[in-house]
Structures are given as C-alpha cells and as structure tokens.
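Me: Please examine one exposed loop position of this structure closely, describing its backbone and its setting. Then carry the account on, in connected prose, to the other parts that help to place it.

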Amino acid sequence: MNSNSNSSNNQKKRNFQIEAFKHKVVVDPKYPEKTWKILEHAIQEIYNHNASGLSFEELYRNAYNMVLHKFGEKLYTGLVSSMTYHLKEMSKSIETAQGGLFLEELNRKWIDHNKALQMIRDILMYMDRTFIPGNHKTPVHELGLNLWRDNIVHSSKVQTRLLNTLLELILRERTGEVINRGLMRNIIKMLMDLGPLVYQEDFEKPFLEVSADFYRVESQKFIECCDCGDYLKKAERRLNEEIERVSHYLDGKSEAKITSVVEKEMIANHMLRLVHMENSGLVNMLLDDKYEDLGRMYNLFRRVPNGLSTIRDVMTSHLRDTGKQLVTDLERVKDPVEFVQCLLNERDKYDKVISSAFNNDKTFQNALNSSFEFFINLNPRSPEFISLFVDDKLRKGLKGVSEEDVEIVLDKVMMLFRYLHEKDVFEKYYKQHLAKRLLSGKTVSDDAERSLIVKLKTECGYQFTSKLEGMFTDMKTSQDTMQGFYTNHGAELGDSPTLVVQVLTTGSWPTQPTVTCNLPAEMSALCEKFRSYYLGTHTGRRLSWQTNMGTADLKATFGKGQKHELNVSTYQMCVLMLFNNADRLSYKEIEQATEIPSSDLKRCLQSLACVKGKNVLRKEPMSKDIGEEDAFFVNEKFTSKFYKVKIGTVVAQKESEPEKQETRQRVEEDRKPQIEAAIVRIMKSRRVLDHNNIITEVTKQLQSRFLANPGEIKKRIESLIERDFLERDNADRRLYRYLA
C-alpha cells in the first residue's frame, strides 16, 4: 500500500514544471471595442494638436494589452482606417488652398502628419515590434508614409497640381525670379522620403523632359544671336545654375542627369556650329589669343562625347595650314633667322594655349608635335635654316643675355631639331657654321656652344657630336702650339707680322678644297717658319694652308695721313698689300698676282670698293658689280669715325643653288655607308629576311638621323650582294640571306 502511494508521488513530482503566469481570459466581450475607442480618440486628439492632455503611458499599456490579448489585427486595421480618415480630411484643406498657398499648406500638413506619426508609433511600439513582423504587416512609420502617398500625393486633385506647381516655380527661377527655395526643398524632400520611385516618377522624369525642351529652345535662340564666346558663357552659366539648383533643393543623384541634359542640348547638339562659327569660332579664338574663351570651350566640350576630338581636329588642321603657309612663304624664306623665329613664335603661342586653356592635355600636345613635324619637313631647307638661326644667335643674338635665357633659346632650337626628318643635313650645316664661328673667334660664348653640343649628344648619341667636340679640341691645341712657336722663335722674328695659326684635324672639320693664293712675301716666309717648326715637333703629318678661311689685321695710312686698323680676310689682305707698290691695278693684274679664284676675288673686291663706309679702294667705272675690265685705286679720301674698321666679305649667307646641290650630294654620299651598316647589322641578327621587312627595319633604325629612301636602300642591298655580304634566295627572289 505504502509503496504504491510512493510511486504515485514520484510520478507527480516528475510532471511538475514552472510556467509563465497567464492572465485570466478577459471575460468582458466589449473589452477590445472599448480599448480601441480610447486609442482611436487619442489618435484623433494627436491629429487635432491636443496631445498634451494624453497619458502616453496609459495609452501604451492599452495597446500592449490589445496585442497581448490577440487583438493585434483589430488594432492594426483600426489604425489604417483612422489614419486614412484623417489624411482624407487633410487632403481637403490642401486641395482648397489657393495659388501660392497650395505648397505651404501641403508642407504644413506634411509636418503635422510626421509629428503625429511619431507619437502614434511610440504608443503602438509593442505592436510594431511583435505583431507586425510576426504577421508580415507594414511597420507603422512606413505605413504612415504609404497612406500619405496614396491619399494625398497621389490623389487626383493633388498629383498633377503638385507637379505643375514645382515645374512652374523652377521655370520662374530659370527666367530670373526669386522663389522660396526652403519651401521647395521641403516638398522635394517629402517626395524623396516617400521613396526613390515617387521622387523619380512624380517629379524627376517630367522635370528632365521639360528641362530638355527648355534648353533646346533656348540654345536655338542663343546660337542665332550670339557669337561663340558669348554662347559658351551662357552655356557655362546655365550648367552652373543647374548644379547649384541640385545642391539647394533636389536629390544629389539628379545632378548627373540634369547636367547631361544641358550638355546635350546646349553643347553636343551645336558642337560643329560653335567650333566653325564665322568670325568667332575656334580658329578666331586661336588667332586672337582668347585664352579664357578657349579654356571655357575646352571645359564644356570635354563633358560631351567627341567634344575634345572636335576641338583637337580643328586646331590641328588650322595649325597645319598656317604652318604650311609659313614654311612655303617665299618672303619668309629670304630671311632664315626670321623664318625660324616665326616657327618658334608659333610654337610658343600654342604651348601657351595648351597650358593655360587646354589643361596641358597630352593629346593636344601630341597633335601640336605631329603638326610641327608635318610642316617643318615640307621645306627641304629647314635643317639649314635652323642651323643659320643658331649661328645668328651664337654670333651676336645672345650677347648680354643671361645664362638661363640662353638655355631657353637652345632648348627651343632642340625642340625644332627633334622634328627634323633629316637630322644629318642639319649636322652638315651646323658643322660648317660652327667652323666659321670658331675660326673667326665670333662666338658669343663657349659655354653656350658646348651646352648645345651636349644637348645634341643627349638627343642623337656620341657619333653625332664627336667631330664637333674634335673642333673644340683643335682650337685649344692650336693655342698651345702657337705659344710653343713663339717661345722657340720669338727672338729671331723681331718685328715681322704676328702669325696665328689654327691647326685643324682633317676629319673633324668640314672639308674645304685647298685653294691656291699667293701670300705677300713677308707672310710667306713666316708661314714657312711655322711649317718647319710644326713638322719638326709632330712626325708623320702634312700641313696644307686654308687661306680662304683666314683673317688679318692691317695698319693703313690714307691720303691726309688718317690712320686706321683694317680687319680683313686673308684674301683681302693679299689684294690690299699689292697697293703698297702700285697706285692703279686692273682686275686682271690683281687676279694674276694673287691667283685667288675668280668668284672669291670678285666678292673680295666688291667688299673693298663697293660698300659704303668700308670702301678703302675705289674702282672705275663705279658700279655695284665687279667687271673683268675694272681698274682699282686706293681711296685716299677714305674716312671712318672708328679707328678699327672691320671689312666683311659680301657673304653668301644662305647657300647658293650650286652650293646647295653640292651639300645635298655630300649628304647623300655620307648616307650610303650608314644605310649599308644598318642593313648588315639587321641581317647579322636575323640571318634571313624579305625585302619589305629590311626596308621597314632600316628606316626604323635610321630615323633618328634621316628618313631613308626605299630606292636608296634597294641600291645599297644590290651593292652588298655584289660585294658578297648578302645573297638572294634561289627559290624566292625577295628573300635575302646573310653571308658570314
């Protein structure tokens, strides 16, 4: 018996568990209705601005209990219908608002609704947190926004009116009126709060469409009456206004969309017309240095597809046309220094345009470079002219100029040099001009000369400048040689003329034909002394006198005892010394006595007898040119305000046609071994190559010095085949093999 009762006790113990305290089921059937009425009254009071008298704690507990007693559904549907009722009431007062008060009323009611929504949400917090997620309902705040959207913003009497009012205000602002931006911001913010779709569908899309129409009409009006610069200013101002409008009262994401509308309607659709506008388009801006307008065009056009390429193409074709005119202008070509200066001015101008207006755009710099390369090489004399420009600057143009400025000029020269296809032609002329500068002692500064050679070396490599450097070395060595000569022979020379000899290494200097010229006896003897001294100190060398390259200083006394020192060429000295023993000499007699070549002699006599202020001789008959029958006398009446008188030779500054042909031939001759060397280098590494590829490779290898002519390359290949460096393939005649 006992044992049984024990077992039943154990059973009881095992089944016992603690459970949450349960409310007794509410007996009052009217409970949900009563409680909802309290809450509904509270919602009404909140919407009527009488919330101060409410006990939120009590209301919260009521709502809590309703959910707890499983009346959540009733509470939720009650909330929806109660809010809907109040919003419909609000809608009426918004609809009846007149004119400008419409937006203010809408804004006021929106603020009221948001405040009410906040309080209602606080009261119904328990429902929001438990019942709503559990039953997949819309949370209270979101519900409030959706109901506002459906009952107010989308109501038939508000929706269209709202959109039209907003668009009307923006139009008024665009036409210069001041509008209430704060109110606009609030209304637009309301649309954004209702969700991106509402903002986009109810406002943004129509706004963009209306804007496109507005700017289409406006741009058409502007383009008919404005010049290009003014039009761009207006477009820029409109663009900035729209960006500012977005920052003040539209959604930030609208910026890209509205600017794209302005760009398309005001710029992209009129691009070509703007660029080519008569008297004010891009070309006129370039001609008139309108940097501000150019900068504006660049900044606006870069925003649209193909904008920059449109500017670039027009600039390039204009630059090529002006460049072409410049290098083929017969007047300009008469003065090489002026010719190069014009190129540099043009380059400076476009550098400034690109740096100050085109944002240092690389693509524009490339277009500038390719244009210059195109037109500089249209004139085959460009290499010679650039060298003459350097010559002019280094003789006199850079006197008294600071080191920095000298560098700037040299850098500009190098920039033009880079554009040359025939760099070897430049080198030929440069060498001739440098030789004359060094030998006449007429260079402004050795530092500037060396600086340019360093630049050329950096650009083209050691071979390009080794001979130029050799010329400087010779000048230095010659000074030492002369010192040695006078140390040895000074005493025995007494008061004979002073001799200065420059000993030039044949390979380094431009080749000059050795010209005969009979020196005066006293000079001849002195030169022989030097020859025996030099050959005595250096074995295995030959000396040949280049009388055509020398100069002399002569002391002269004229009719009334006026004394002068004349600085003349060696040829002129030979002529003048003849008049120590004669009063009158005919052209033929002078030619016989000196044996100077006739073209040189005529130039020499012309400068002695026909140049005003330097005419130490006079001739009969008086004329500008020298004739074979002329007779010459000392001009006893010669006067000059200077004691030292420099008598230049009438120089052929630019080369004459035959000289030009000769230089061209020398250049062509010099190119042959370079082309052959390139072919051999290429074939050595490739072993077998077809004709077209050899041409391509050779051209590529030599382009830093000159543009190789395919016909010449072909001739050099033939020559190498004859000399057994290459052979043709038996099967394919266009294939070549290298023969080691």
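Reply: Lys-70 has a relative accessible area of 73% and is therefore exposed, the cut-off for that class being over 50%. The model is predicted. Lys-70 sits in the loop that joins α3 (56-68) to α4 (72-96). Its backbone deserves attention: phi is near 65°, a positive value in a residue that is not glycine. Most residues other than glycine have a negative phi.

Asn-306 offers a parallel. Its phi is also near 65°, again positive without the residue being glycine. Asn-306 lies in a loop too, between α15 (291-301) and α16 (307-328), and it is exposed, with a relative accessible area of 57%.

From Lys-70 the account can pass to the interior. The α4 helix that follows its loop spans residues 72-96, a range that includes Leu-75, one of the residues lining the largest cavity. The other lining residues are Trp-36, Leu-39, Ala-42, Ile-43, Ile-120, Ile-123 and Leu-124. Two elements, α2 (31-47) and α5 (101-123), each give two or more residues to this lining, and α2 gives the most, with four. The lining is made up of eight nonpolar residues, with no polar and no charged ones. The space enclosed is about 50 Å³, and the count of cavities of 30 Å³ or more comes to one.

An open space has another character. The second largest pocket has a volume of about 1500 Å³. It is lined by 45 residues, those closest to its centre being Val-500, Val-501, Gln-502, Trp-545 and Gln-546. Its lining divides into 21 nonpolar, 19 polar and five charged residues. At least two lining residues come from each of α24 (462-493), α25 (521-537), β1 (551-557) and α26 (570-578).

Lysine also occurs in a setting opposite to that of Lys-70. Lys-431, in helix α22 (residues 423-440), is buried because its relative accessibility of 13% falls under 20%. Its C-alpha lies 9.5 Å from that of Thr-465, although the two are 34 residues apart in sequence. Ser-719, in helix α31 (residues 710-722), is buried as well, at 10%. Its side chain makes a polar contact of 3.4 Å with the side chain of Glu-676.

Helix α18 shows how burial is spread along one element. Its 21 residues (336-356) should span 30 Å at 1.5 Å a residue, and its end C-alpha atoms are 30 Å apart, in agreement. At its N-terminal end Asp-335 acts as a cap, with a side-chain oxygen 3.1 Å from the backbone nitrogen of Val-337. The buried residues of α18 include Phe-339, Val-340, Leu-343, Leu-344, Tyr-350, Val-353 and Ile-354, but also Glu-346, Arg-347 and Lys-349. An α-helix has 3.6 residues a turn, so residues three or four places apart point the same way.

Cys-342, another buried member of α18, has a relative accessible area of 10%. Cys-225, in contrast, is exposed at 59%. The sulfur closest to that of Cys-225 belongs to Cys-226 and is 3.8 Å away, too far for a bond because a disulfide needs the sulfur atoms within 2.5 Å. The structure holds zero disulfides.

Conventions: Residues are numbered from 1 along each chain as its sequence is written. This is a predicted model: local features need pLDDT of at least 70, side-chain atom pairs count only at pLDDT 80 or more; totals for chains, interfaces and linings use all residues. Side-chain values use heavy atoms; hydrogens and water are left out. Buried means under 20% relative accessible area, exposed over 50%, partly exposed in between (1.4 Å probe, protein chains only). On a 1 Å grid over the protein atoms alone, a cavity is a set of points where a 1.4 Å probe fits but cannot get out, and a pocket is an open set with protein on both sides within 12 Å along at least five of seven lines; lining residues have an atom within 4 Å of a point. Grid points are joined across faces, edges and corners, and a volume is the space filled by probe spheres set on the points. Ala, Val, Leu, Ile, Met, Phe, Trp, Tyr, Cys and Pro count as nonpolar, Asp, Glu, Lys and Arg as charged, and the others, Gly among them, as polar. The expected span of a helix is 1.5 Å times one less than its number of residues. A polar contact is a pair of N or O atoms within 3.5 Å; within protein, one must be able to donate a hydrogen and the other to accept it, and residues adjacent in sequence count only if both atoms are side-chain atoms.
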